[in-house]
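Visitor: I am new to this structure and should like to learn how its features are read. May we go through them one at a time?

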Amino acid sequence: MARPVWSGALSLGLVTVPVELYPAVADHTIHFHQFERGTSDRIRNRRVNERTGEEVTQDEIVKGYDLGGGDHVLVEPDELDEIAPERSRRIDIEQFVELDEIDPWFFDKTYWLKPAKEDFAKAYGLLLQAMDRSEKAGVAKFVLRGKEYLAAVRAGEGVMVLNTLHFVADLRKPKDVMGKLPELPKPRPKELDMALSLVDEMTAPWKPEDYRDEYSKRVEELIKAKEAGKEIAHEEEPEPSADVVDLFEALSRSVKNRKGGGKKPEKEPKKKAAKKPELTELSKADLDKLAREQGVKGRSKMTRAQLEKALKAS
């Protein structure tokens, strides 16, 4: 079982629940050590004094803010901890918002929140049910590893989910990154209709398990082949397709190819249950799962009431 990366208290008004924060995403990136080519000598990074060239231990290092001109303000790690003593151990919910009001642009990392002890399960469960029924997310701030984060706390998968969010000041507008965009001509009606047809032909239920990290898989195969003294065969690049100058023709061919060779994934057959559960007693996560099993369309954008209505009609 994973270890918590943070522990403290979730605060909502006068209600305080001690909680632990766990990462919800695992890093499967393949990591390599560095070696000098032609040798078995490892390359290591060391912290050294740039004037003397001598190695410096971690407890001898302080932080310095560059003022320019070679001048710095030196700050001790303890001094940074002291300026936010409360916030570093609390997740304070300041308000609630509709979850779909938060643009995906703001989302960063995902964590699970659990009560620190069984004694706090009742208060935790009450807040979880309130978030689930209201379909709202609590907006909060907290400090993790010396940095303050904006966060959204919501219900999901039967537990509380905490998503760290970017502050507005951290987000870069398209014009700030790419400069001036070219004037976008208005599409012809028939081109737009054909583009919409292509989108419709390529629309299928969201199944995240169908998507895998193919590059990491190839890296693993390369490592195994080199370990065994073999050479791995590389796939040849596909022949480039003939250029199609006319946009409408290109869209038409794409739609035709989808209808001919690229069939839509078949919908999962509806699972018949011996007896339907009482929908009003289920959490929104359970309703989402049931709707997915029964192939309810548009379920991801439905409110709790709409999910119940759709499930009753299915």
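Guide: Let us begin with a term that will return often: a residue is called buried if its relative accessible area is under 20%, exposed if that area is over 50%, and partly exposed in between. Please keep in mind that this is a predicted model.

Visitor: How many of the residues in the chain count as buried?

Guide: The chain has 314 residues, and 22% of them count as buried. Its accessible surface comes to about 25200 Å², and carbon and sulfur atoms hold 52% of that surface.

Visitor: How many helices and strands does the chain have?

Guide: The chain contains eight helices and nine strands. As for contacts between residues with a separation of 6 or more, 58% are made by residues 24 or more positions apart.

Visitor: How is a salt bridge recognised, and how many does the structure hold?

Guide: One looks for a side-chain nitrogen of Lys or Arg within 4 Å of a carboxyl oxygen of Asp or Glu. The structure holds five such pairs. One of them joins Arg188 and Glu191, with 2.6 Å from N to O.

Visitor: Is Glu191 buried or exposed?

Guide: Glu191 has a relative accessible area of 12%, so it is buried. Its partner Arg188 has a value of 40% and is therefore partly exposed.

Visitor: Which other salt bridges may I examine?

Guide: Another is formed by the side chains of Glu55 and Arg46, at 3.4 Å from N to O. Both of these residues are exposed. A further salt bridge links Glu249 and Arg253, at 2.6 Å from N to O.

Visitor: Where do Glu249 and Arg253 stand relative to each other along their helix?

Guide: Both belong to helix H6, residues 247–260, and because they are four residues apart there, about one helical turn separates them. Glu249 is partly exposed at 33% relative accessible area, and Arg253 is partly exposed at 41%. Glu249 also illustrates how positions apart in sequence can be compared in space: Met194 is 55 residues away along the chain, while the two C-alpha atoms are 9.5 Å apart.

Visitor: What is the separation of the C-alpha atoms of Ala121 and Val17?

Guide: Those atoms are 8.7 Å apart, although the two positions lie 104 residues apart in sequence terms. Ala121 belongs to helix H2, residues 121–134. With a relative accessible area of 33%, Ala121 is partly exposed.

Visitor: Which residues does Ser216 contact beyond its neighbours within four places in sequence?

Guide: Ser216 is in contact with His28 and Ile30. Ser216 itself is part of helix H5, which spans residues 214–227. Its relative accessibility is 11%, so Ser216 counts as buried.

Visitor: How should I read the packing of two helices?

Guide: One considers the angle, the distance between the axes and the sense of the crossing. Helix H7, residues 284–293, packs against helix H8, residues 304–313, at an angle of about 40°, and their axes are 10 Å apart. The crossing of H7 past H8 is left-handed. On the H7 side the contact is made by Lys284, Leu287, Asp288, Leu290 and Ala291, and on the H8 side by Arg304, Leu307, Glu308 and Leu311.

Visitor: Which residues make the nonpolar surface patch of about 330 Å²?

Guide: The patch is made by Tyr65, Leu67 and Val73. Leu67 is located in strand S3, residues 63–68. Since its relative accessibility is 53%, Leu67 counts as exposed.

Visitor: What does one look for in the backbone angle phi?

Guide: Most residues other than glycine have a negative phi. Positive values in such residues therefore deserve a look. Glu135 has a phi near 60°, which is positive, and Glu135 sits in the loop between H2 and strand S7 (136–144).

Visitor: What is phi of Glu157, and where does that residue lie?

Guide: Phi of Glu157 is also positive, near 60°. Glu157 is in the loop that runs between strand S8 (147–156) and strand S9 (159–165). With a relative accessible area of 67%, Glu157 is exposed.

How values were computed
Residues are numbered from 1 along each chain as its sequence is written. This is a predicted model: local features need pLDDT of at least 70, side-chain atom pairs count only at pLDDT 80 or more; totals for chains, interfaces and linings use all residues. Side-chain values use heavy atoms; hydrogens and water are left out. Buried means under 20% relative accessible area, exposed over 50%, partly exposed in between (1.4 Å probe, protein chains only). Patches are made of residues with over 30% relative accessible area and no salt bridge: like charges are joined within 9 Å, nonpolar side chains (Val, Leu, Ile, Met, Phe, Trp, Tyr) within 5 Å. Accessible areas come from the Shrake-Rupley method with a 1.4 Å probe; for residues, only the protein chains shown count as cover. Axes are lines fitted to C-alpha atoms, for helices over the stretch in contact, and angles run from 0 to 180 degrees between N-to-C directions. A crossing is left-handed if the near helix is turned anticlockwise from the far one by less than a right angle, and right-handed if clockwise. Contact means heavy atoms within 4.5 Å.
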